[in-house]
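Here are my notes for your review, set out as numbered points. Please read them with the coordinates open beside you.

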Amino acid sequence: MSIRIIQIFVVAIVLFASCGEKKKPAAEVDVVQNNKVLTAEEQSKLTPDKVIEILKKGNEEFTNNLLTVRNNMERVQDAANGQFPAAVILSCLDSRVPVEDIFHCAIGDLFVARVAGNIVNPDILGSMEFACKVSGSKLVVVLGHDYCGAVKSAISDVELGNITELLSKIQPAVNHSRENFEGDADVSNNDFVDVVCHTNVMFMVEEIRKNSPILKEMEDNGEIKIVGAKYHLHTGKVNFF
Ligand SMILES: [Zn+2]
C-alpha cells in the first residue's frame with residue numbers, strides 16, 4: 001500500500017470518527033447513570049412524603065439541567081416484567097409540560113394521565129384507583145400550569161364541539177375565582193388566569209376525594225396523599241401546594 005493511500009485512509013477514518021462525535025452541550029451539565037426501574041419491594045418501602053421529596057428533587061435536577069444517561073432498552077426490558085410506579089400524575093394536555101422530563105423520571109417511574117385542563121372524570125378516577133389501589137403508587141398529583149389554554153377558554157366561555165363539555169368542568173373554578181377576585185376577571189389579566197389555574201387544581205383534588213371513596217380511604221389511612229402542584233412554563237419549576 002502506498003503512503004498516499006495510507007494517508008487517504010487515515011483522513012477518512014478521522015473524518016468518519018468526528019461525524020459520530022456527540023456535540024457537547026453549551027451549558028455545563030452533570031451526567032449520572034440511572035438504568036434502574038423501581039421494584040415492588042422498593043415501591044412498598046416508599047411513603048407519600050418520600051415520593052413528594054423524590055419528585056421535588058427530580059424537578060430541581062431538571063431545572064438545573066442535570067442530565068441522566070439511561071439505557072432505555074435496558075429499562076424497557078426490566079419494566080416489561082411488571083410496573084411499580086411511585087406516583088400517578090394528572091397533567092394538562094399541554095405539549096410544554098412533558099411530565100416525566102420535568103420530574104427527571106423515565107420508563108416505569110410514573111403513571112401519567114393527561115387531559116386538557118387537568119380535569120377529573122370517572123375514567124381518570126378509575127385510572128388513579130388502578131394506580132394506587134392495584135399497582136401500589138403512593139401519591140396522586142394534580143398538576144396544573146400557568147398560561148393554561150383550557151383555563152383561559154373556560155374563562156372566555158368558549159363553546160366548540162366536545163370542548164364545551166370539557167370546559168364545563170373548569171367552570172366552577174372560574175365562578176369561584178370571580179367571586180373572590182378584585183380586578184379584571186378575564187383572560188387579559190394573567191393574575192386572574194393564575195388564580196383560576198390554582199383554584200382549578202385544588203377543586204380537582206377535592207373532586208378526587210369526593211368521588212373516589214377508595215382513594216379517600218387510602219388517604220385517610222395514610223397509605224397515599226392527594227396533592228396539587230403547578231408547573232411554571234418560564235422556569236420549569238413545579239410548586240407543590
Ligand atoms: Zn393547560
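Against which helices and strands do the buried residues of α10 pack?

1. The buried residues of α10 pack against the helices α6 (122-134), α7 (149-155), α9 (171-179) and α11 (213-220), and also against the strands β5 (139-145) and β6 (225-231). Please bear in mind throughout that this is a predicted model.

2. Helix α10 itself covers residues 190-211, and its 22 residues reach 31 Å from the first C-alpha to the last, which is close to the 32 Å expected at 1.5 Å a residue. The buried positions in α10 are F192, V193, V196, C197, T199, N200, V201, M204, V205 and I208, a list in which T199 and N200 stand alongside residues such as V201 and M204.

3. Within helix α10, F192 deserves a separate look. F192 counts as buried because its relative accessibility is 0%, and, leaving aside residues up to four places away in sequence, F192 touches I155, V174, S177, R178, F181, D184, A185 and D186. One of these partners, I155, lies 37 residues from F192 along the chain, with 9.5 Å between the two C-alpha atoms.

4. The zinc site can be described from its protein donors, namely C92 through SG, H145 through NE2 and C148 through SG, which lie 2.1 to 2.3 Å from the ion. Along the chain the donors follow the spacing C-x52-H-x2-C. H145 is classed as buried because its relative accessible area is 1%, under the 20% cut-off, and C148 is likewise buried, with a relative accessible area of 1%.

5. On the surface, M73, V76 and I107 make a nonpolar patch of about 240 Å². I107 is placed in the loop between α5 (99-102) and β4 (110-114), and this residue is partly exposed because its relative accessible area of 33% falls between the 20% and 50% limits.

6. For the chain as a whole, there are eleven helices and seven strands, and buried residues make up 41% of the 241 residues. The accessible surface comes to about 13800 Å², with 55% of it belonging to carbon and sulfur atoms. Of the contacts between residues at least 6 apart in sequence, 72% join residues at least 24 apart.

Methods:
Residues numbered from 1 in each chain as written. Predicted model: local features only at pLDDT ≥ 70, side-chain atom pairs only at ≥ 80, totals over all residues. Heavy atoms only, no water. Patch = residues over 30% accessible without salt bridge, like charges linked within 9 Å, V, L, I, M, F, W, Y side chains within 5 Å. Areas by Shrake-Rupley, 256 points an atom, 1.4 Å probe, with all protein chains shown as cover. Salt bridge = Lys/Arg side-chain N within 4 Å of Asp/Glu carboxyl O. Helix = DSSP H or I, 4+ residues; strand = E, 2+ residues; numbered from the N terminus. Buried < 20%, exposed > 50% of the residue type's maximum accessible area, 1.4 Å probe, protein only. Contact = heavy atoms within 4.5 Å. Donors = N, O, S within 2.8 Å, 3.2 Å for Na, K, Ca; no water. Expected span 1.5 Å × (residues − 1).
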